[in-house]
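Colleague: Please take one part of this model and walk me through it closely. Start from a single residue and work outwards.

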Amino acid sequence: MDPIGLAVVLASVRPGRVGPVVADWFLRTVSERNDVVATKIDLMDAALPADLSPSPAGEAFAAAIGAVDAVVVVTPEYNHGYPGALKTALDTVKYQWRGKPIGFVSYGGLGGGLRATEQLRQVAAELHMVAVRDSVGFHRVRTAFDENGHTDDSAAVDAAGRMLSQLHWWATASKVQSRAFPYPG
Ligand SMILES: Cc1cc2nc3c(=O)[nH]c(=O)nc-3n(C[C@H](O)[C@H](O)[C@H](O)COP(=O)(O)O)c2cc1C
């Protein structure tokens, strides 16, 4: 089985954020597999212009998305939505999203970020992406991980495995089909 390239996009950019704990757990989970090679993209470092004006930062982000076969967004839930920095990132790139599968690792308070994930499914469709069925959601995220970044949440571990297998299936199918003829756009 050929490995796929996966961008793991960390959507939280707030000082004191929990996001890196969740993203690093997910990256460790990916590293235990031999069919997915992940690259972390931290939107705090990407520093994308909120007005969507052309910029070297935007070009670099688009190139990073263009270089992978699939995407996972690691996102908190803010006021029943997803962070503005993530919307900026989604709107910064156009063609590089197309024909690729996307999965979601969300977290938050009681809702586990599931409302953010469901909103992102709508946006993914507009970007010509395939949002895979399984997603990961951590409720009460501050208590979900120990000091080593480990979680006992077996449902999350199971969902991550299913989501990664679905991403691999869709990314491989998309690569094979794109060799026959390009995505119609
Ligand atoms: C502005 C803001 C709004 C929030 N709204 C929600 C919410 O609607 N639902 C929820 O479950 N948690 C909500 N929370 C809790 C966050 O999900 C939680 O603080 C999480 O740690 C935020 O991720 P971060 O630390 O990576 O920024 C909110 C937090 C902030 C800062």
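Modeller: Take Thr75 in this predicted model. Leaving aside neighbours within four places in sequence, Thr75 is in contact with Ala11, Tyr82, Pro83, Leu86, Val105, Ser106, Tyr107, Ala116 and Leu120. Thr75 sits in strand E3. How large is its relative accessible area? The value is 0%. Buried means under 20%, so Thr75 counts as buried.

Follow one of those partners, Leu86. Leu86 belongs to helix H4, residues 84-92, and is buried there along with Thr88, Ala89 and Leu90. What do the buried residues of H4 pack against? They pack against E3, helix H2 (43-46), helix H3 (56-66) and helix H5 (114-126).

Now look at the loop between E3 and H4. His80 lies in it. Most residues other than glycine have a negative phi. His80 is not a glycine, yet its phi is positive, at about 65°. Is His80 buried or exposed? Neither label fits: its relative accessible area is 45%, so it counts as partly exposed.

Go back to Tyr107, another partner of Thr75. Tyr107 also turns up among the contacts of Ser12, next to Arg17, Asp42, Val74, Pro76 and Tyr78, once neighbours within four places are left aside. Ser12 is in the loop between E1 and H1. Its relative accessible area is 1%, so Ser12 is buried.

Val18 is in the loop between E1 and H1 as well. Its relative accessible area is 14%, which is under the 20% cut-off, so Val18 counts as buried. Val18 touches Tyr107, Val141 and Arg142, with residues up to four places away not counted. From Val18 to Trp169 is 151 residues along the chain, and their C-alpha atoms are separated by 30 Å.

Two of the residues that Val18 touches are Val141 and Arg142. Arg140 is in the loop between E6 and H6. Arg140 has a positive phi of about 45° and is not a glycine. At 49% relative accessibility, Arg140 is partly exposed.

That loop leads to helix H6, residues 154-180. At its start, a side-chain oxygen of Asp153 comes within 3.2 Å of the backbone nitrogen of Ala155. How far apart are the end C-alpha atoms of H6? They are 40 Å apart. At 1.5 Å a residue, its 27 residues should span 39 Å, so the two values agree.

Which residues of H6 are buried? They are Ala156, Ala159, Ala160, Met163, Leu164, Leu167, His168 and Ala171. E3, the strand of Thr75, is part of their cover. The cover also includes strands E1 (4-10), E2 (36-42), E4 (101-107) and E6 (136-138), plus helix H1 (19-31).

H6 has one more role to trace, in the largest pocket. H6 gives the most to the lining of that pocket, with seven residues. The pocket has a volume of about 430 Å³. Its lining has 20 residues, and Arg98, Gly99, Ser174, Ser178 and Tyr183 lie nearest its centre. By class, the lining splits into 11 nonpolar, five polar and four charged residues.

How values were computed:
Residues numbered from 1 in each chain as written. Predicted model: local features only at pLDDT ≥ 70, side-chain atom pairs only at ≥ 80, totals over all residues. Heavy atoms only, no water. 1 Å grid on protein atoms, 1.4 Å probe; cavity = no way out; pocket = protein on both sides within 12 Å on 5 of 7 lines; lining within 4 Å. Points joined across faces, edges and corners; volume = space filled by probe spheres on them. Helix = DSSP H or I, 4+ residues; strand = E, 2+ residues; numbered from the N terminus. Nonpolar A, V, L, I, M, F, W, Y, C, P; charged D, E, K, R; others polar. Expected span 1.5 Å × (residues − 1). Buried < 20%, exposed > 50% of the residue type's maximum accessible area, 1.4 Å probe, protein only. Contact = heavy atoms within 4.5 Å. Polar contact = N/O pair within 3.5 Å; in protein donor to acceptor, adjacent residues only side chain to side chain.
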